[in-house]
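Trainee: Before the assignments in this model are accepted, I should like to go through the reasoning behind them. May we take the terms one at a time?

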Amino acid sequence: MDATAIDHVNLRIPTDGLDAAVEFYRDALGFEIENRDLYESGEKPFFSVRLTPASVIHLRPAENFEPPTETAFDHVAIEFAHDIDELRGHLDAAGVEIDRQLEPLGATGVAPAMYVTDPFGYTLELKAAPDDD
């Protein structure tokens, strides 16, 4: 079997989490929200955060939502076409607290990254474009 990419990640959020999700993922991070109308009409049990033309995060409100724990979830890594200073500037301007900054190894190699926590307790690794040094 030859995998080509991760298509989507499906994360549960609290049933009253729609506004917080839109504020964080769209307003602070700049991603498109998709299928909100289908979710609100009851046609879909989730709405989506479009990361790239080929990848999304589905956010599925759930009555039995439990915030992620360190034993059950670590993080989702998202690669950006910005250097680390541009990424930090955007997060600062949006009022997003940076939990930590590292240079982790990922699928595309070592690159600087910042870690942030969404309103539901999920950690996101925001991976910058590699330095051209």
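Mentor: We may. A residue is termed buried if its relative accessible area is under 20%, exposed if over 50%, and partly exposed in between. Please bear in mind that the model is predicted.

Trainee: Why is phenylalanine 24 called buried or exposed, whichever applies?

Mentor: Phenylalanine 24 has 8% relative accessibility. The limit for buried is under 20%, so phenylalanine 24 counts as buried. Tyrosine 25, at 0%, counts as buried by that criterion too.

Trainee: What makes phenylalanine 24 and tyrosine 25 an aromatic pair, and of which kind?

Mentor: Ring centres must lie within 6.5 Å, and planes over 60 degrees apart count as edge-to-face. The centres of phenylalanine 24 and tyrosine 25 are 5.0 Å apart and the planes are at 85°, which gives an edge-to-face pair. A search of the whole structure finds four aromatic pairs.

Trainee: How do you know which kind of pair phenylalanine 73 and tyrosine 122 form?

Mentor: Their ring centres are 5.1 Å apart and their planes stand at 80°, so this pair is edge-to-face. Phenylalanine 73 lies in the loop between β4 (55-62) and β5 (76-79), while tyrosine 122 lies in the loop between β9 (113-117) and β10 (123-127). With these positions 49 residues apart, the pair links distant parts of the chain.

Trainee: Why do the labels "partly exposed" and "buried" go to phenylalanine 73 and tyrosine 122 as they do?

Mentor: Phenylalanine 73 has a relative accessible area of 22%, so it is partly exposed. Tyrosine 122, at 7%, counts as buried because the limit is under 20%.

Trainee: What makes one say that arginine 100 sits over the ring of tyrosine 115?

Mentor: The distance criterion is within 6 Å of the ring centre, joined to an angle of within 35 degrees of the ring normal. The charged end of arginine 100 is 4.1 Å from the centre of the tyrosine 115 ring and sits over that ring.

Trainee: Which residues of helix α3 are buried, and how do you know where they lie around the axis?

Mentor: In α3 (residues 84-94), Ile84, Leu87 and Leu91 are buried. They cover an arc of only 65° around the axis, which means that they are on the same side of α3. Asp85 and Ala93 are exposed on the other side. The cover over the buried residues includes β6 (100-102), β9 and β10.

Trainee: What makes aspartate 83 a cap of α3?

Mentor: A side-chain oxygen of aspartate 83 lies 3.0 Å from the backbone nitrogen of aspartate 85, at the N-terminal end of α3. A polar contact requires N or O atoms within 3.5 Å, and the 3.0 Å distance falls within that limit.

Definitions and conventions: Residues numbered from 1 in each chain as written. Predicted model: local features only at pLDDT ≥ 70, side-chain atom pairs only at ≥ 80, totals over all residues. Heavy atoms only, no water. Phe/Tyr/Trp six-rings, centres within 6.5 Å; stacked < 30°, edge-to-face > 60°. Buried < 20%, exposed > 50% of the residue type's maximum accessible area, 1.4 Å probe, protein only. Helix = DSSP H or I, 4+ residues; strand = E, 2+ residues; numbered from the N terminus. Arc of directions from axis to C-beta. Contact = heavy atoms within 4.5 Å. Polar contact = N/O pair within 3.5 Å; in protein donor to acceptor, adjacent residues only side chain to side chain.
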